[in-house]
Amino acid sequence: MSTTVVHTLTRYLALCDVPAREQGDLGDLFTEDAVWEGGGGAYAEKFGRTEGRAAIVSMLSGYLPPRPHFRTNVHLLFPGTVDDDGDTAHGSWLMQQLSRYESGDAEMTVARLDVTFRLAGDRPRISVFRTERLFTTPLPEER
């Protein structure tokens with residue numbers, strides 16, 4: 001089961017890249033009652049807590065084209081751990097995000113992702129997504 005859980009998370013990150021590496025529906029990756037939240041001081045304040053599939057898709061869409069936020073954005077997922085109990089699976093990963101914003105500024109961020117998946121149905125769906133920033137640093141200007 002851990003490979004299908006990782007596939008779901010990897011697909012989510014690919015759909016959040018700019019330009020997107022894949023086409024698809026972000027909402028299809030979440031349960032109807034999903035929760036997406038920022039953890040720790042910086043991300044709790046920046047992202048807060050969003051509840052429900054439609055609200056999560058709306059929030060995420062605010063960062064993705066055609067909205068002018070990222071010029072380029074890529075997520076790199078590092079190996080993590082996954083535990084499942086038959087009905088749910090919980091995983092924890094480190095993720096690196098490299099972003100260049102429409103302003104021209106760029107940064108590298110490392111975050112911890114703690115994600116719970118519901119395993120019922122045709123594939124795992126995200127029921128709780130929690131991200132906590134661990135490190136960030138500016139990147140050089142584009143030349």
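Two strands are taken as paired if DSSP finds at least two bridges between them, and on this basis D83 stands opposite H90 in strand β5 of the predicted model. The neighbouring residue pair D84 and A89 is likewise placed face to face, with A89 in β5. Both pairs can be read against the arrangement of strand β4, residues 81-84, which pairs with β5, residues 88-101, in the antiparallel sense over four bridges. The two strands form a hairpin in which three residues lie between β4 and β5, and G86, in the turn, adopts a positive phi of about 105 degrees.

Strand β5 also takes part in pairings with two further strands. With strand β3, which spans residues 70-77, β5 runs antiparallel and is joined by seven bridges; within this pairing, L98 of β5 is the bridge partner of V74. With strand β6, comprising residues 106-118, β5 again pairs in the antiparallel sense, here over 13 bridges, and G91 stands opposite V115 of β6. β5 and β6 form a hairpin as well, with four residues between them, and the turn of this hairpin contains G104, for which a positive phi of about 100 degrees is computed.

Within β5, the surroundings of Q96 were examined in greater detail. Q96 is found in this strand and has a relative accessible area of 16%, so that Q96 is classed as buried, the cut-off being under 20%. When its neighbours within four places in sequence are left aside, Q96 is in contact with V74, H75, L76 and F78, and also with M108, T109 and V110. Of these contacts, V74 is the residue whose bridge partner in β5 is L98.

At the level of the whole protein chain, the secondary structure comes to three helices and seven strands, which follow one another along the sequence in the pattern α-β-α-β-α-β-β-β-β-β. The radius of gyration of the chain is 15 Å, close to the 15 Å that the globule rule gives for 143 residues, so the chain is as compact as a globular protein of that length. Taken along the principal axes, the box filled by the C-alpha atoms is roughly 50 × 30 × 25 Å. Buried residues account for 39% of the 143 residues, and among contacts between residues at least 6 apart in sequence, 52% join residues that are at least 24 apart.

The surface and charge distribution of the protein chain were also computed. The chain exposes about 7800 Å², of which 51% is supplied by carbon and sulfur atoms. It carries 15 positive and 21 negative charges, and the mean positions of these two sets are 4 Å apart.

Two cis peptide bonds, each involving proline, are described here in turn. One of them joins V18 and P19, with omega at about -5 degrees, and P19 has its place in the loop between α1 (2-15) and β1 (30-39). Another joins P65 and P66, where omega is about 15 degrees; P66 lies in the loop between α3 (53-61) and β3, and β3 is itself the strand joined to β5 by seven bridges.

Methods:
Residues numbered from 1 in each chain as written. Predicted model: local features only at pLDDT ≥ 70, side-chain atom pairs only at ≥ 80, totals over all residues. Heavy atoms only, no water. Rg over C-alpha atoms; globule rule 2.2 N^0.38 Å. Buried < 20%, exposed > 50% of the residue type's maximum accessible area, 1.4 Å probe, protein only. Contact = heavy atoms within 4.5 Å. Areas by Shrake-Rupley, 256 points an atom, 1.4 Å probe, with all protein chains shown as cover. Lys, Arg positive; Asp, Glu negative; His and termini not counted. Charge placed at Lys NZ, Arg CZ, Asp CG, Glu CD.
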